[in-house]
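Dear colleague,

I am passing a structure on to you, together with some notes on what turned up when I went through it. Please look at it first and then read on.

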Amino acid sequence: MEKFKVTPWDVKGAVDYSKLIKEFGTEPINDALLSRIKKHTKELHFMLRRKIFFCHRDMSWLLDEHEKGNKFFLYTGRASSKGGVHLGHLIPWMFAQWMQEKFDAEMWFQFPDEEKFLFSKDISLEETEKSTLEDALDVIALGFDSKKTHFLIDTKHAGLMYKHACRVAKKITLSTVKASFGFENDANIGMIFYTAMQAVPAILPSVLKEKNIPCLIPLGVDQDTHFRVSRDVMPKLGYYKPAIIHNIFLPGLKENGKMSASDTNSAIFTTDSPKDVESKIKKYAFSGGQASVEEHKKKGGNPDADVSYQYLRMLLEQDDKKLEKIYNDYKSGKMTTAELKDITIEKINAFLKEHQKKREQARKQLDRFIYKEK
Ligand code: TRP
């Protein structure tokens with residue numbers, strides 16, 4: 001099999017998550033940690049129950065601090081690209097919204113509108129500026145509390161962030177970023193500096209409030225590299241290292257690989273119409289079924305390999321009992337691939353209908369979310 005690869009801009013092959021834990025040096029999420037979280041939240045989010053969030057850094061420390069009365073804030077982000085927001089992006093954001101509610105936590109959300117400009121050939125700053133505001137609507141639509149949520153847009157908040165980015169940047173060498181990201185000599189110098197900008201929101205609330213505040217970053221595991229590099233710097237500047245909790249990737253429609261905005265046939269976007277969703281799932285969603293219905297009835301399907309089933313498990317069917325029934329029926333062959341796809345299409349479209357309504361309402365709220373300097 002092709003060796004898998006996970007970097008902030010490239011995910012290839014069938015990802016082996018236990019190997020990734022070893023390579024990245026994170027800790028798996030175990031039952032002891034889950035019950036510790038549950039003590040505070042009363043129930044466990046389905047993404048925790050189902051190990052969609054599968055590893056972490058320093059969660060035990062974060063809970064120690066919380067139990068001492070030292071409240072944490074949340075931080076995550078989104079770099080706008082040409083493709084827009086897809087279902088895979090929503091995983092850490094939905095989870096973060098739940099954490100905000102359960103822990104009454106502030107949320108700092110970064111929109112590095114320079115990132116994709118620096119990292120890809122074919123997008124201008126004018127385009128990322130525009131699509132950043134569109135993506136922000138998806139974040140608001142998930143239900144974050146406007147009084148406790150602050151959006152940082154890198155080119156707009158540059159004056160606030162730059163000083164601290166410089167402090168971080170001074171402590172990271174070229175050889176470190178080369179080794180961590182695999183940069184070659186043709187990397188532009190903006191790419192080399194970028195990690196410093198992504199580090200800033202993890203310390204900015206501590207800077208502004210003039211006291212150290214713990215930070216928790218929910219993220220897709222591909223983003224870990226930026227923080228692997230910058231976490232070590234933070235204590236040197238007098239701040240806590242942020243805790244991190246990592247989610248696995250929502251699979252793309254086709255076999256292997258994550259959902260990716262740059263391949264429109266691999267992704268379901270938050271602005272897709274019911275017809276788009278239906279045709280993408282029917283045409284492209286990789287199935288764990290057998291070649292013919294007769295064979296399927298006889299041998300049964302493989303829900304673990306089936307992309308539609310994974311969308312239900314990771315995002316859309318939050319009821320464990322219903323999910324289990326679908327799993328068993330598909331595995332036994334009682335449920336056909338066409339039936340499973342129909343359930344998935346219906347679930348996605350019901351979700352998107354609500355989401356798109358809230359997304360439009362969010363246009364009026366946007367200004368309230370953008371951080372205003374005091
Ligand atoms: N680099 C991320 C992206 O490509 C955006 C981002 C900024 C981010 N800050 C973050 C992601 C913090 C996770 C956590 O979309």
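Is K51 buried, partly exposed or exposed, going by its relative accessibility? Please keep in mind throughout that this is a predicted model. K51 has a relative accessibility of 32%, and because the band between buried and exposed runs from 20% to 50%, it counts as partly exposed. The residue lies in the loop that runs between α3 (46-49) and β4 (53-57), and its phi is near 60°, a positive value in a residue other than glycine. As background, most residues other than glycine have a negative phi.

E210 also has a positive phi, of about 55°, although it is not a glycine. The loop between α11 (204-209) and β8 (215-220) is where E210 is found, and with a relative accessibility of 74% E210 counts as exposed.

Turning to the charged side chains, the structure holds 35 salt bridges, of which I describe a few here. K39 is paired with E67, and the closest N and O atoms of that bridge are 4.0 Å apart. This pair joins distant parts of the chain, since K39 belongs to helix α2 (residues 31-41) and E67 to helix α4 (residues 59-67), with the two positions 28 residues apart in numbering. K39 counts as exposed because its relative accessibility is 55% and the cut-off for that class is over 50%, whereas E67, with a relative accessible area of 39%, is partly exposed.

A salt bridge also connects the side chains of D272 and K280, with an N to O distance of 2.8 Å, and here both D272 and K280 are buried. In the bridge between K334 and D329 the N to O distance is 3.9 Å; K334 counts as exposed at 55% relative accessibility, while D329, at 15%, counts as buried. Beyond these pairs, there is a network of salt bridges that links E134, D138, R359, E360 and R363.

The helices that carry K39 and E67 also pack against each other: the axes of α2 and α4 are 11 Å apart and form an angle of about 25°. Because angles under 35 degrees count as roughly parallel, α2 is roughly parallel to α4. The crossing in which α2 passes α4 is left-handed. On the side of α2 the contact is made by L33, R36, I37, K39 and H40, and on the side of α4 by M59, S60, L63, D64, H66 and E67, so that the two residues of the salt bridge described above, K39 and E67, are both part of it. Sorted by class, the residues of the contact of α2 with α4 are four nonpolar, three polar and four charged.

A second helix pair may be of interest to you. Helix α16 (residues 307-316) and helix α18 (residues 337-369) have axes that come within 9 Å and cross at roughly 35°, and the crossing of α16 past α18 is left-handed. From α16, the residues S308, Y309, Y311, L312 and L316 meet L340, K341, I343, T344, K347, I348 and F351 of α18. The contact of α16 with α18 has eight nonpolar, two polar and two charged residues.

With kind regards

How values were computed:
Residues numbered from 1 in each chain as written. Predicted model: local features only at pLDDT ≥ 70, side-chain atom pairs only at ≥ 80, totals over all residues. Heavy atoms only, no water. Helix = DSSP H or I, 4+ residues; strand = E, 2+ residues; numbered from the N terminus. Buried < 20%, exposed > 50% of the residue type's maximum accessible area, 1.4 Å probe, protein only. Axes fitted to C-alpha atoms, helices over the stretch in contact; angles between N-to-C directions. Parallel < 35°, antiparallel > 145°, perpendicular 65-115°, else oblique. Left-handed = near helix turned anticlockwise from the far one by under 90°. Contact = heavy atoms within 4.5 Å. Nonpolar A, V, L, I, M, F, W, Y, C, P; charged D, E, K, R; others polar.
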